[in-house]
Amino acid sequence: DGLLYLTTPYSRVIALDPATGAERWAFDPQIPLDRRYSEVTSRGVSAWPAATDKKKAARRIFVASLDARLIALDAATGKPIPGFGEDGVVDLKQDVRFGKYDGYQNYQVTSPPAIIGNLVVVGSAIGDNGAVELERGVVRAYDAVTGKLRWSFDPIPIVEKDPARKTWEGDSATKTGAANAWSIISADAE
């Protein structure tokens, strides 16, 4: 729609005129700058619906922020979408078991979500090797319109009925963390 979108390392989203470089709008998610992050980066944003989609839905820009929020922005204005999550935001820290870092939570998102139809899929980035009981890297899919959780996948088999669970000794699967999808997710829509 005639705009170029980019992010800064602290998840600020900027829309530019691609021909002139003039800023059209900017959104600042107010990332706490006093926290220690394991890595400070943002690899981009995602657009929904896709440019090839013939639906009349208003385009949204999704950014998964350094402080683990999924934010839906109006692509034309940069304003949060009120009907998505809570005032345009889904807190990705919900239902995540955190490690023990004296109050420091080393759970963040550094890559853009994958858009699969009407789903927004996010992974997470976790500072590895700090302890055994780290945050879990659950991959989750949210409804692109409402922000409601549609499904989740934990790469560590914590459910006893999961056939992969028997490959884990004792209760190690319930204590272990850090298995995560931190990079850019790709998917076969079919």
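**Notebook: sheets, cores and odd angles**

I began with an open sheet of four strands, whose order is β9-β10-β12-β13 and whose pairing is antiparallel. Its edge strands are β9 (114–116) and β13 (149–153), and each of them pairs on one side only. From one strand to the next, I read an average twist of 20 degrees. I keep in mind that this is a predicted model.

I then looked at one pairing inside this sheet. Strand β12 (residues 139–143) runs antiparallel to β13, and four bridges join them. I looked up Tyr142 and found Leu149 as its bridge partner in β13.

**The whole protein**

Next I stepped back. I count one helix and 13 strands in the protein. What is the order of the elements from the N terminus on? They run β-β-β-β-β-β-β-β-β-β-β-β-β-α. The protein has 190 residues, and 42% of them are buried. I also checked contacts between residues at least 6 apart in sequence: 51% of these join residues at least 24 apart. The accessible surface is about 10400 Å², and carbon and sulfur atoms hold 53% of it.

**The other four-stranded sheet**

I found an open sheet with the order β4-β5-β6-β7, four strands with antiparallel pairing. Here the edge strands are β4 (46–48) and β7 (89–91), each with pairing on one side only. The twist averages 20 degrees from strand to strand. β4 and strand β5 (residues 60–64) run antiparallel and are joined by three bridges. I took Ala47 as my example: its bridge partner in β5 is Ile61.

**The N-terminal strands**

I moved on to β1. Its pairing with β2 is antiparallel, over four bridges. Tyr5 has Ala15 as its bridge partner in β2. The two strands form a hairpin with five residues between them, and Ser11 in the turn has a positive phi of about 65 degrees.

Which side chains of β1 are buried? Tyr5 and Thr7 are, and they point to one face; Leu4 and Leu6 point to the other face and are not buried.

From strand β2 (residues 13–16), four bridges lead to β3, and the two run antiparallel. Val13 has Phe27 as its bridge partner in β3. This hairpin has six residues between the strands, with Gly21 at a positive phi near 85 degrees.

**Aromatic pairs**

I searched the whole structure for aromatic pairs and got two. One of them is Tyr5 with Trp25, a tilted pair: 5.9 Å centre to centre, with 45 degrees between the planes. What does this pair tie together? Tyr5 lies in strand β1 (residues 4–7) and Trp25 in strand β3 (residues 23–27), so the pair links parts that are 20 residues apart in sequence. I looked up Trp25 as well: it is buried, at a relative accessible area of 6%.

**Nonpolar cores**

The largest nonpolar core has 17 residues. Which of them touch the most other members? I noted Phe62, Leu70, Phe84, Val90, Leu92, Val122 and Tyr142. At least two residues of this core come from each of β5, β6 (69–74) and β10 (119–122). A second, separate core has 10 residues, including Phe27, Val63, Ile71 and Leu73.

I followed Leu92 further. Neighbours within four places in sequence aside, it is in contact with Ala68, Arg69, Leu70, Tyr107, Val109, Val122, Arg140 and Tyr142.

**Odd backbone angles**

I closed with the backbone. Trp48 and Pro49 are joined by a cis peptide bond, with omega about -10 degrees. Pro49 sits in the loop between β4 and β5.

Gln30 is not a glycine, yet it has a positive phi of about 60 degrees. I find Gln30 in the loop between β3 and β4. Ala68 is also a residue other than glycine, and its phi is positive, near 65 degrees. Ala68 belongs to the loop between β5 and β6.

Is each of these two buried or exposed? Gln30 is exposed, with a relative accessible area of 59%. Ala68 is buried, with a relative accessible area of 0%. I had already met Ala68 among the contacts of Leu92.

Notes:
Residues numbered from 1 in each chain as written. Predicted model: local features only at pLDDT ≥ 70, side-chain atom pairs only at ≥ 80, totals over all residues. Heavy atoms only, no water. Phe/Tyr/Trp six-rings, centres within 6.5 Å; stacked < 30°, edge-to-face > 60°. Buried < 20%, exposed > 50% of the residue type's maximum accessible area, 1.4 Å probe, protein only. Contact = heavy atoms within 4.5 Å. Areas by Shrake-Rupley, 256 points an atom, 1.4 Å probe, with all protein chains shown as cover. Pairing = 2+ DSSP bridges. Axes fitted to C-alpha atoms, helices over the stretch in contact; angles between N-to-C directions. Core = buried A, V, L, I, M, F, W, Y, C linked by side-chain atoms within 4.5 Å.
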